[in-house]
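Please read the following walk-through alongside the sequence and the coordinates. It goes from whole-chain descriptors to individual residues.

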Amino acid sequence: MSQQTKTTYAVDIVFCIDCTGSMQPYLESVKRSATEFHRLLEEKMAVKNKGIRQLRVRIIAFRDIGEEGEESIVATNFFSLPEEGTSFNTFVSKLTAGGGGDEPESALEALALAIQSPWERTMDKRRHIVVVCTDASAHPLGKFRLPARLSNLDLPSNMDDLNAMWGDEVDEGLMEFAAKRLLVFGPDKYPWSDLSELFENCIWVKSEAGQGMTDADQDLVLDQIAGSV
Amino acid sequence: MNKGAVINVNRDGRVIANFVITEAISGGGKSQAVKARSSDDRDVFMKRFLSPIYPRESTDDDRRFAKRLEGCLRFEERHREIMDRLAKPIVYGGNLVKPIHFFREKFNYYKVYPFVDSESSRAMVGEDPQDQELFAKTFLASLRELHARDIVHADLKPDNVLVQRRPAGPVAKLIDFDEAFLSGQPPQRLVGGDPVYYSPEMATYLAQYTGAESRATSVDPGQLTTSSDMFAVGLVLHEVIAGHPAEVSGGAGESHAEIVAHGGTVEMKPLAGFPREFNNALQQVVVLDPADRPTVDELLGTLGVRAEPARRTPTPRESVSIIGSVEIKSSMGTRRNRNAARTRTEPGR
């Protein structure tokens, strides 16, 4: 009996989300779409006859280590969606925008944590996607230590070390070359323009500094994720 | 940031080499694309490759620098060779949207294509059978131009076959040669293309880089020939003319390639209005053994297009036109040494 085909992927996504004050509109958009995230992504992939075999999502919410200290970075485990949708929604609903003081923020520390995520490494056709959403510049690495509860993780001391951690075709670092994608939604400020030129498999979409992100941006984020699978 | 905002691909977000970015096109896959305007006021389609990234002397030790440089030179060599071959005069007639520039700006590689005003090949669904046949002929004629040069497109899919409406009817335009390689010589660590349209041998070859460890197998790179494209031709033509992907039976796996590789078959629905010989040949392009698949000439023959022997034309010695930044052109027997390459990499230009 004949049947249709569908190529499916095991997709891991880590969202590094700037939760400082100006990001309030984007956070509200994330909350509204959290319950629908699996369906929305699957719809976009279905257009190209692709599907999701397994979807796991992790959130790393960050502000400014210099301002908020221990509370500046909060990282979840991976949520399997849609199975753990309730727990995922509960976490997302508690995200609030605030603090951060003046720029810059601690996005690079969040990115370093994202790279060290427990990625799926056994399933066929897998994608490991890190999405950074911010409207601010980032502190250079080496300026602060990680909060104590995250101190078991490595924190590179500069951008070169972070790049080595991300890896390339020659030395994979901690990321699998064929699976990894880095999507940065950030302003034309340090380090986002440099990072997009120097990190392999990185796409930078410019956001307006200090202007937050919007509903439309959330849809663009989904488009970019679907395009990266 | 608003939806549709310019996707920036360089520091200032506006100018790369001599091109002014005018519009975001897409992101994802292995490149980031924008519409841009050239210095002679033409619209172009420009892609930034997400990999490889040219190494920086300041941050890499000698071993790492040398290995990364070697990978970049292999990448340049493959693209230069493909562009050289594409630059040869048309042999049969076809509609290839050929790349016009390939260059490196600082650490990133870019390729520029003419901007083509066209629509998706998916628009062929429901068209008059005569128009569908014209589309199929021009698609295959374009592919014949590639195969006559021993080039495997390696990323045939509906999105890479555009349609241009002309007085004579809808004509196919074949685009995107970023994954192309010489027949039987795929690049190491090739991870491009779309798994939905892979041939069985392509899927198996790539499993060593993208699949689960248990499925990692080795395939002789020499098996990845122009016949691999023919498998995709069958899937693409069925999808854009019948309006849905071809169904499968038996075997195991998710994609057509996996199912065929595991003993199943692709059930091509005969395309209404096409000659029976063509539909028979189309069924035959989706078989497991590349040697059993009809060639593009044979497929065209079933549509009444005579297969002519290739007329060899002289190869231009340096046919690749490069602008701005770092030239990437025919080296013709001269290997760049490391110092030469470093000299060309002046950061902060």
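What percentage of the 229 residues in chain A do the buried residues make up? In this predicted model, buried residues account for 60% of the 229 residues of chain A. The secondary structure of that chain amounts to 8 helices and 7 strands, and its C-alpha atoms occupy a box of roughly 65 × 40 × 30 Å when the principal axes are used as the frame. For a chain of 229 residues, a compact globule would be expected to have a radius of gyration near 17 Å, and chain A, with 17 Å, agrees with that expectation.

The contact pattern of chain A can be read next to these descriptors: among contacts with a separation of 6 or more, 74% are between residues 24 or more positions apart. The exposed surface of chain A comes to about 8,100 Å², of which carbon and sulfur atoms supply 49%. As for charge, chain A carries 23 positive and 37 negative side chains, and the centres of these two sets are 6 Å apart.

Two residues of chain A show what burial looks like at the level of single side chains. A:Phe88 belongs to helix H4, which spans residues 85-93, and because its relative accessibility is 4%, under the 20% limit, A:Phe88 counts as buried. Once residues up to four places away in sequence are set aside, A:Phe88 touches A:Ala34, A:Val57, A:Ile59, A:Phe79 and A:Leu81. One of these partners, A:Leu81, also takes part in a cis peptide bond to A:Pro82, with omega near 10°, and A:Pro82 itself sits in the loop that runs between strand S4 (79-81) and H4 of chain A. A separation within the chain is given by A:Phe88 and A:Leu162, which are 74 residues apart along the chain and whose C-alpha atoms are separated by 28 Å.

The second residue, A:Asn163, is located in helix H6 of chain A, residues 159-166. A:Asn163 is likewise buried, since its relative accessible area of 11% falls under 20%. Its side chain reaches the backbone oxygen of A:Leu198 at 3.0 Å, and, leaving aside neighbours within four places in sequence, A:Asn163 is in contact with A:Leu198 and A:Phe199.

Attention can now turn to chain B, whose secondary structure comprises 8 helices and 13 strands. Of its 349 residues, 55% count as buried, while residues 24 or more positions apart make up 63% of the chain B contacts with a separation of 6 or more. Chain B exposes about 14,300 Å², and carbon and sulfur atoms supply 48% of that area.

Several backbone details of chain B deserve a careful look. B:Ser51 and B:Pro52 are joined by a cis peptide bond with omega of about 0°, and B:Pro52 is placed in the loop between strand S4 (43-49) and helix H1 (62-86). B:Lys106, although not a glycine, has a positive phi of about 55°; this residue lies in the loop between strand S5 (101-105) and strand S6 (108-114), and B:Lys106 counts as buried because its relative accessibility is 15%, under 20%. B:Asp176, also not a glycine, has a positive phi of about 65° and lies in the loop between strand S10 (169-174) and strand S11 (181-182) of chain B. With a relative accessibility of 12%, B:Asp176 counts as buried.

How values were computed. Residues are numbered from 1 along each chain as its sequence is written. Chains are lettered from A and ligands numbered from 1 in the order in which they are written. This is a predicted model: local features need pLDDT of at least 70, side-chain atom pairs count only at pLDDT 80 or more; totals for chains, interfaces and linings use all residues. Side-chain values use heavy atoms; hydrogens and water are left out. Helices (H or I, at least four residues) and strands (E, at least two) are DSSP runs, numbered from the N terminus. The radius of gyration is taken over C-alpha atoms; the globule rule is 2.2 Å times the number of residues to the power 0.38. Buried means under 20% relative accessible area, exposed over 50%, partly exposed in between (1.4 Å probe, protein chains only). Contact means heavy atoms within 4.5 Å. Accessible areas come from the Shrake-Rupley method with a 1.4 Å probe; for residues, only the protein chains shown count as cover. Lys and Arg count as positive and Asp and Glu as negative; His and the chain ends are not counted. The place of a charge is taken as NZ of Lys, CZ of Arg, CG of Asp or CD of Glu. A polar contact is a pair of N or O atoms within 3.5 Å; within protein, one must be able to donate a hydrogen and the other to accept it, and residues adjacent in sequence count only if both atoms are side-chain atoms.
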